[in-house]
Amino acid sequence: MSDDIFKKIISHAKEYGFIFPSSEIYDGLSAVYDYGQYGSELKNNIRKYWWKSMVQMHSNIVGIDAAIFMHPTTWKASGHVDAFNDPLIDNKDSKKRYRADVLIEDYAEKQFEKAEKEIEKAKKRFGDTFDEALFRSTNPRVLEYRQKGEDATAKMAALLDANDLDGLKKHIEDLEIVCPISGSRNWTDVRQFNLMFDTKIGSVSEGAETIYLRPETAQGIFVNFMNVYKTGRMKIPFGIAQTGKAFRNEIVARQFIFRMREFEQMEMQFFVRPGDEMKWYESWREERMKWHLAMGIPAEKYRWHKHEKLAHYANAAADIEFDFPFGFKELEGIHSRTDFDLTAHQTHSGKKLQYFDPETNESYVPYVVETSIGLDRTFLAVFSHAFEEQTLEDGSVRTVLKIPPFLAPIKVAVLPLVKKDGIPEVANKILDDLREDYMVQYDEKDAIGRRYRRQDAIGTPFCITIDYETLENNTVTIRHRDSMEQRRIPAAELSAYIASELKPKKT
RNA sequence: GCGGAAGUAGCUCAUUUGGUAGAGCGAAAGCCUUCCAAGCUUUAGGUGGCGGGUUCGAGCCCCGUCUUCCGCUCCA
């Protein structure tokens, strides 16, 4: 059902110039897409809406545009080099994939549990006279289990450090670890999945250094913290915002533009005094949800998802999920990142990344509350929610994109009712007047009803029609996309009227 | 990456057992029209994903490959 709608949405996106598969004439490139003539407009408008809300509307937030290439140490400090390098292994019978290190850790955990069980059993047997500490340190069974577990993880750590994947596989086989699903020991080789893209910097290939395409934009903000703080006369609390491309070599990339290898993030890192972070975390959660709702999309399409298991850098995290055609999925994350990143960069760079607080007369590494939203995902949220096939009273079907007017790629279509009697000339005059302020389109081909439908299909909120009455009193009709209703207004008032209709909703 | 399904015009699809491709919508040019798709004329657009094999002959059968879609571990 919704699968069907999703397919229609993808087709529509292509057919009307919103999104094309990348390099399609060469059969495309998996999980990479291009934005077409209307798609890039919509995407730009969403980005502008975000930038205005975050930067222009906050006197204590500034924007930057950091490079995609960054010094390789950045990613050691951020934890991405380690966290994004997973050794994976498949069980050939169950077809399940596991992280090799997790399998071994689970095995070790099992050994520890066995040791605890021995202790429990002994407790029951000896009753009150039981000396747990003595038993724990002397019982051969307990010691053996604990030793097994510790050996397993110690050896694993050594193998991981040496990047010895064959050794890791042998280790799993030696420990006789079985797949929890199939129960078999029929394992594939261990393979390393590096989720960061790398490339070489330097024109000569020897001596060239491996660098990564950033997997998140946030680090470009952290490494510029001192620059912005010093040159921008910033006082805590303050934020730094940035939009830009990020790259992840996802193992599976799916669901149209929802998960792409190359995607665009809109992030804001908000620097606060340590201890204040929960207050700001709550406040930004509220503010970000308002931003979504101000697009006029109903609240029931959104929900919160609180993280139980936190990433290595966070002490609180929640996601805004959106009801996509394939279900509720993450759209934006609001994370309290503590001082993890700045402290890590301070350690790795040897440079002080601290804020001097004149009120308390002391320096500290600020805490960070991050808002991080996927631009492509927001695009998909807006687009998929806007897509509608309406059955009208006469039984005809109207395909319409109910994109929030202020985000629509084309704001106004100017349509002469007929192609004669000087009407196109008047229409072109009006078109030129509006072009200065709005993305406009002119169409004189085919019956008027068909032209309306064409504009509906690309989400144009307003169609202006010039008719014979225009020639008499210089008034035109303006048709609203969603209601299909028209009103007649003087041509001179058009620009002001449209401007007032294009404001985002206040919440 | 593994398993399953599928790749024919911009989109949705047809071509019944192999005989060298069609429709609807869409697009373009024009005609007709004073306000909500489907009026008329004309036109463009496909090396049937790509490569190989079987055959007198392959969109259809076989193999390989690429891509997409649906499930699994990662994530914005």
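Which residue just after α12 takes a positive phi? In this predicted model, the residue is G350, with a phi of about 75°. Helix α12 itself spans residues 340-349. Five of its residues may be named as buried: D341, L342, A344, H345 and Q346. The cover over these buried residues includes three helices, α3 (73-78), α9 (218-222) and α10 (225-231). Strands β10 and β13 also belong to that cover.

The overall layout of chain A comes next. The chain is divided into domain 1 (1-66 + 195-387), domain 2 (85-192) and domain 3 (410-501). Domain 1 is thus assigned in two segments, 1-66 and 195-387. Between domain 1 and domain 2, the C-alpha centres lie 38 Å apart.

One open sheet contains seven strands. Their order is β3-β9-β10-β16-β13-β12-β11, and the pairing is mixed. Strands β3 and β11 (302-306) hold the edges; each has a single partner strand, so one side of each lacks a neighbour in the sheet. On average, neighbouring strands are turned by 25° against each other, direction ignored.

The pairings can be followed from the β3 edge. Strand β3 (residues 61-63) runs parallel to β9, and three bridges join the two. Here V62 faces I240 of β9. Strand β9 covers residues 238-247, and nine of its ten residues are buried. Its pairing with β10 (residues 262-272) is antiparallel and extends over ten bridges. Within this pairing, T243 stands opposite M266 of β10. At the β11 edge, β11 pairs with β12 (residues 316-324) in the antiparallel sense, over five bridges. R303 and E321 of β12 stand opposite each other there. Helix α2 (residues 37-56) packs on this sheet. The helix touches β3, β9, β10 and β16 (367-374), and its direction makes about 160° with that of β9.

Strand β10 also carries F271. Is this residue buried or exposed? F271 has a relative accessible area of 0% and counts as buried, because the limit for burial is under 20%. Its contacts, leaving aside neighbours within four places in sequence, include I221, F222 and F225. I236, P237, F238 and I240 are also among them. The list further includes L342, P366, Y367 and V368. F271 and I61 are separated by 210 residues in sequence, but their C-alpha atoms are 10.0 Å apart in space.

The largest nonpolar core has 57 residues. Those with the most contacts inside it are F18, L42, I46, M295, F379 and L407. Several helices each supply at least two residues of this core: α1 (2-15), α2, α11 (277-293) and α13 (375-386) are among them. Strands β10, β12, β13 (327-338) and β16 each supply at least two as well. L407 shows how such contacts are distributed. Residues up to four places away in sequence are not counted; L407 then touches L42, N45, I46, Y49, M295 and V382.

A polar residue is also found under cover. D357 lies in strand β14 (residues 355-357). The relative accessible area of D357 is 4%, and the residue is buried. Its side chain makes a polar contact of 3.3 Å with the side chain of Y364. Beyond its neighbours within four places in sequence, D357 is in contact with R273, E362 and Y364.

Another open sheet has five strands, in the order β20-β19-β21-β22-β23, with mixed pairing. Strands β20 (440-442) and β23 (486-490) stand at its edges; each has a single partner strand, so one side of each is left without a neighbour in the sheet. From one strand to the next, the twist averages 25°. Strands β19 (residues 412-416) and β20 run parallel and are joined by three bridges. V414 has Y442 of β20 as its bridge partner. Helix α14 (residues 423-435) packs on this sheet and touches β19, β20, β21 (462-466) and β22 (475-480). Its direction makes about 165° with that of β20. Helix α15 (residues 448-458) lies across β19, β20, β21, β22 and β23. This helix runs at about 170° to β19.

Notes:
Residues are numbered from 1 along each chain as its sequence is written. Chains are lettered from A and ligands numbered from 1 in the order in which they are written. This is a predicted model: local features need pLDDT of at least 70, side-chain atom pairs count only at pLDDT 80 or more; totals for chains, interfaces and linings use all residues. Side-chain values use heavy atoms; hydrogens and water are left out. Buried means under 20% relative accessible area, exposed over 50%, partly exposed in between (1.4 Å probe, protein chains only). Helices (H or I, at least four residues) and strands (E, at least two) are DSSP runs, numbered from the N terminus. Two strands pair if DSSP finds at least two bridges between them. Axes are lines fitted to C-alpha atoms, for helices over the stretch in contact, and angles run from 0 to 180 degrees between N-to-C directions. Contact means heavy atoms within 4.5 Å. A nonpolar core is a set of buried Ala, Val, Leu, Ile, Met, Phe, Trp, Tyr and Cys residues joined through side-chain atoms within 4.5 Å. A polar contact is a pair of N or O atoms within 3.5 Å; within protein, one must be able to donate a hydrogen and the other to accept it, and residues adjacent in sequence count only if both atoms are side-chain atoms. Domain bounds come from an automatic or database domain assignment.
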